[in-house]
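Reading a structure gets easier when someone walks through it with you. Here is a friendly conversation between a learner and a teacher.

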Amino acid sequence: VNEQSMWSMGRALRKAGFDGKVWLDSPPQNRDESPVMASLRKVAFGIPPMRWFFEREVFAVAGKIHS
């Protein structure tokens with residue numbers, strides 16, 4: 001397992017000579033939950049800095065920098 005944060009992924013890409021975009025997201029969740037829990041989940045996954053701790057996946061799209 002290669003656990004990375006949004007920031008460490010961006011640094012690793014730049015260090016390897018890539019330029020790109022890194023973001024946090026979570027796969028869709030089909031949950032049957034109360035409105036209170038749905039609201040709490042929206043706050044935890046949608047508002048920085050909370051989302052930086054609760055989002056489940058780090059994604060990146062990058063291309064090699066040509067000089």
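The dialogue below takes a few features in turn and reads each one in this predicted model.

Q: Let's start with aromatic rings. How many aromatic pairs does a search of the whole structure find?
A: The search of the whole structure gives one aromatic pair. Its partners are W23 and F59, whose ring centres are 5.8 Å apart with the planes at 15°. Planes under 30 degrees apart count as stacked, so this pair is a stacked one.

Q: Where do W23 and F59 lie, and which parts does the pair tie together?
A: To place a contact, look up the element that holds each partner. W23 belongs to strand 1 (residues 18-25), while F59 belongs to strand 2 (residues 57-64). The pair therefore ties together parts that are 36 residues apart in sequence.

Q: Is W23 buried, partly exposed or exposed?
A: Relative accessible area gives the reading: under 20% is buried, over 50% is exposed, and partly exposed is in between. W23 has 28%, so W23 is partly exposed. Its partner F59, at 35%, is partly exposed as well.

Q: Which residue lies over the face of W23?
A: That is K21, at 5.4 Å from the ring centre of W23. Another case of a charge over a ring involves K64, whose charged end sits over the ring of F18, 4.9 Å from the centre of that ring.

Q: Now salt bridges. How many does the count come to?
A: Here you look for a side-chain nitrogen of Lys or Arg within 4 Å of a carboxyl oxygen of Asp or Glu. The count comes to one salt bridge. Its partners are R41 and E33, whose side chains meet at 3.1 Å, N to O. R41 is partly exposed, because its relative accessibility is 24%. E33 has a relative accessible area of 28%, so E33 is partly exposed too.

Q: What does the side chain of S8 contact?
A: Polar contacts are read partner by partner. S8 is in helix 1 (residues 6-15). Its side chain makes a polar contact with the side chain of Q4 at 3.4 Å, and the side chain of S8 also reaches the backbone nitrogen of S5 at 2.9 Å.

Q: And which backbone nitrogen does the side chain of S34 reach?
A: The side chain of S34 reaches the backbone nitrogen of M37, at 3.2 Å. S34 itself is in the loop between strand 1 and helix 2. With 35% relative accessibility, S34 counts as partly exposed.

Q: Let's move to the surface. Which residues make the nonpolar surface patch?
A: A patch is read by listing its members and then asking which elements supply them. W7, V43, I47, M50, W52, F53 and F54 make a nonpolar surface patch of about 730 Å². Helix 3 (residues 50-54) gives the largest share, four residues. I47, one of the members, is in the loop between helix 2 (35-46) and helix 3. I47 has 43% relative accessibility, so it counts as partly exposed.

Q: Is the peptide bond from P48 to P49 cis or trans?
A: Start from the general picture: most peptide bonds are trans. The bond from P48 to P49 is cis, with omega near 0°. You can find P49 in the loop between helix 2 and helix 3.

Q: How far apart in space are R51 and L24, C-alpha to C-alpha?
A: For this kind of reading, set the separation along the chain beside the distance in space. R51 and L24 are 27 residues apart in sequence, and their C-alpha atoms are 8.0 Å apart. R51 is in helix 3, and with 21% relative accessibility R51 counts as partly exposed.

Q: What is the C-alpha distance between K15 and K42?
A: K15 and K42 are 27 residues apart in sequence, and 34 Å separates their C-alpha atoms. K15 is in helix 1, and its 78% relative accessibility makes it exposed. K42 is in helix 2, and K42 is exposed with a relative accessible area of 65%.

How values were computed. Residues numbered from 1 in each chain as written. Predicted model: local features only at pLDDT ≥ 70, side-chain atom pairs only at ≥ 80, totals over all residues. Heavy atoms only, no water. Phe/Tyr/Trp six-rings, centres within 6.5 Å; stacked < 30°, edge-to-face > 60°. Helix = DSSP H or I, 4+ residues; strand = E, 2+ residues; numbered from the N terminus. Buried < 20%, exposed > 50% of the residue type's maximum accessible area, 1.4 Å probe, protein only. Lys NZ or Arg CZ within 6 Å of the ring centre and 35° of its normal. Polar contact = N/O pair within 3.5 Å; in protein donor to acceptor, adjacent residues only side chain to side chain. Patch = residues over 30% accessible without salt bridge, like charges linked within 9 Å, V, L, I, M, F, W, Y side chains within 5 Å. Areas by Shrake-Rupley, 256 points an atom, 1.4 Å probe, with all protein chains shown as cover.
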